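Work through the exercises below with the sequence and the model in view. Try each task before reading its solution.

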Amino acid sequence: MSPYLTDPKTESIVPVVQGGKLTSGTNTVSFSCCGVRIAVEFDSRISTSNIRSVLPPEFREFQGEETDHHFSLVGAGGTPHGEQMYRIRKGSTIAASPVSLGQAMVVLHKTVRHCVAEYTRDRAFVHAGVVAWKGRGIICPGPSFAGKSTLIRSMLNSGATYYSDEYAVFDGNGHAHPFPVPICLRETDGRGQTIDADRIGAQPLSPSLILFAQYRKDGSWQPGTLTPGQTLLRLLENSVSMRRNPHTVLKVLKEVTVAAKAYAGERGEADAIKDWLEGLAF
Amino acid sequence: MKPIARKDELIVEEVLGEWVVYDKNQKRAHNLNSTMAWIWHHCDGRTDVDEMAMQFDQEFGSSGSLDLIRSGIDQLEAADLLVSAPRDVAHAMAASGPEMSRRSIVTAGSALAPILVSILVPTAAAAKSGGDDGKDNKGKG
């Protein structure tokens, strides 16, 4: 059978997919990250370096077919406006149909990172921004659109070192590891700020402060303190892999909780927290 | 009358005097403050509620903690952290009506009040989106 078929919607030629795997006309990058083994199969017209540029930090490529998760990225014809469409699958399930290569890279990047976050057995991923500020680790947990990126950006503007604005990645000692969004994606991804490489954290970071700061337009940052148990519960609310790996996640986040002071409250402008931090005795 | 703490399918971590309990069946996490943790720990199937209250008073130098213990056991039962709940406690609380409610309010205001807060641990997708995370504060204290 020909490895290509005609897409009935676009009448363009697309690779055949059997059982979630492309049959030919593709290249594959297999890698592991945080113990999760992933294969990304992609249309051979896309360069391997493009794919590598959006893989998660600390990824290690390997040869071989034994992987836990399989992604594919292929061209899927053109739009009526002449744009090239793409299709991203996880296994045999269509995850997204982006309309440009740049958008496809952003989606692939997010999907693969989330897969690592969900399935890792080695580390605990929490939806949070992370910076080092005056030598202290600051963790800002919260779901998407809770204002994490704005808060992190404000701290970066004050000289903080960037670790992540998406996931806090904790090892067994409760230390946060850098998990930055690749610089090549920051503009496309809507984060819109390029960060110099020397401002990106390199070493694991012991958390000193955890801020549950919920943005509200008219909010005023007058936080209350949280007990360790309350803090752990709120971290679990933002944990990605607690359901899949509860023993590890609970132990790791306990280490984080014991090491750090935690505050919660509503915030208005992010700079108010920056001022508050200046006056805070760690 | 002699409550038993549930142990199956639970993961328990002690965090500086508080306990965090994860229920693998229901995908819920509970935070037990130190008083609630003490009560749960004493739900050993051998100690009835009156004895538990006396032990509590001796240990913490308090007095008349029966309502406090009952309040704690009621919350533990609601959170499905007991194997069997002492039915007569629920009956007694229902029967005593407004008077018991007032006492519960006094209990809730005390520094030793047992507090249990529960969340539904989100799926990976829900944690990402910040969607319905099923937060259901069951704290009554």
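The exercises cover the two chains, one residue and two helix pairs.

This is a predicted model, in which local features need pLDDT of at least 70, side-chain atom pairs count only at pLDDT 80 or more, and totals for chains, interfaces and linings use all residues. Residues are numbered from 1 along each chain as its sequence is written, chains are lettered from A and ligands numbered from 1 in the order in which they are written, and side-chain values use heavy atoms, with hydrogens and water left out.

**Exercise 1. Describe chain A by its elements, burial, contacts and surface.**

Step 1. Chain A has 7 helices and 18 strands. Helices (H or I, at least four residues) and strands (E, at least two) are DSSP runs, numbered from the N terminus.

Step 2. Of its 282 residues, 53% are buried. Buried means under 20% relative accessible area, exposed over 50%, and partly exposed in between (1.4 Å probe, protein chains only).

Step 3. A contact means heavy atoms within 4.5 Å. In chain A, 63% of the contacts between residues at least 6 apart in sequence join residues at least 24 apart.

Step 4. The accessible surface of chain A is about 12300 Å², and 46% of it belongs to carbon and sulfur atoms. Accessible areas come from the Shrake-Rupley method with a 1.4 Å probe; for residues, only the protein chains shown count as cover.

**Exercise 2. Do the same for chain B.**

Step 1. Chain B has 5 helices and 6 strands. Their order from the N terminus is β-β-β-β-α-α-α-β-α-β-α.

Step 2. Buried residues are 47% of the 141 in chain B.

Step 3. Of the contacts in chain B with a separation of 6 or more, 58% are between residues 24 or more positions apart.

Step 4. Chain B has an accessible surface of about 6800 Å², with 52% belonging to carbon and sulfur atoms.

**Exercise 3. Is Phe42(A) buried or exposed, and which residues does Phe42(A) contact?**

Step 1. Phe42(A) belongs to strand S6 (residues 36-43) of chain A.

Step 2. Its relative accessibility is 0%, so Phe42(A) counts as buried.

Step 3. Beyond neighbours within four places in sequence, Phe42(A) contacts Gly25(A), Thr26(A), Asn27(A), Thr28(A), Val29(A), Ser47(A), Thr48(A), Ile51(A) and Leu73(A).

**Exercise 4. Characterise the packing of H1(B) on H2(B).**

Step 1. The axes of H1 (residues 34-41) and H2 (residues 49-60) of chain B come within 11 Å and cross at roughly 135 degrees. Axes are lines fitted to C-alpha atoms, for helices over the stretch in contact, and angles run from 0 to 180 degrees between N-to-C directions.

Step 2. H1(B) and H2(B) are therefore oblique to each other. Angles under 35 degrees count as roughly parallel, over 145 as roughly antiparallel, 65 to 115 as roughly perpendicular and the rest as oblique.

Step 3. Thr35(B), Trp38(B) and Ile39(B) of H1(B) meet Met52(B), Gln55(B), Phe56(B), Glu59(B) and Phe60(B) of H2(B).

Step 4. H1(B) is largely enclosed by the rest of the structure, because 6 of its 8 residues are buried. Those buried are Thr35(B), Met36(B), Ala37(B), Trp38(B), Ile39(B) and Trp40(B).

**Exercise 5. Characterise the packing of H3(A) on H7(A).**

Step 1. The axes of H3 (residues 148-157) and H7 (residues 270-278) of chain A come within 9 Å, crossing at roughly 50 degrees.

Step 2. H3(A) is therefore oblique to H7(A).

Step 3. Thr150(A), Leu151(A), Ser154(A) and Met155(A) of H3(A) make the contact with Ala270(A), Asp271(A), Ile273(A), Lys274(A) and Leu277(A) of H7(A).
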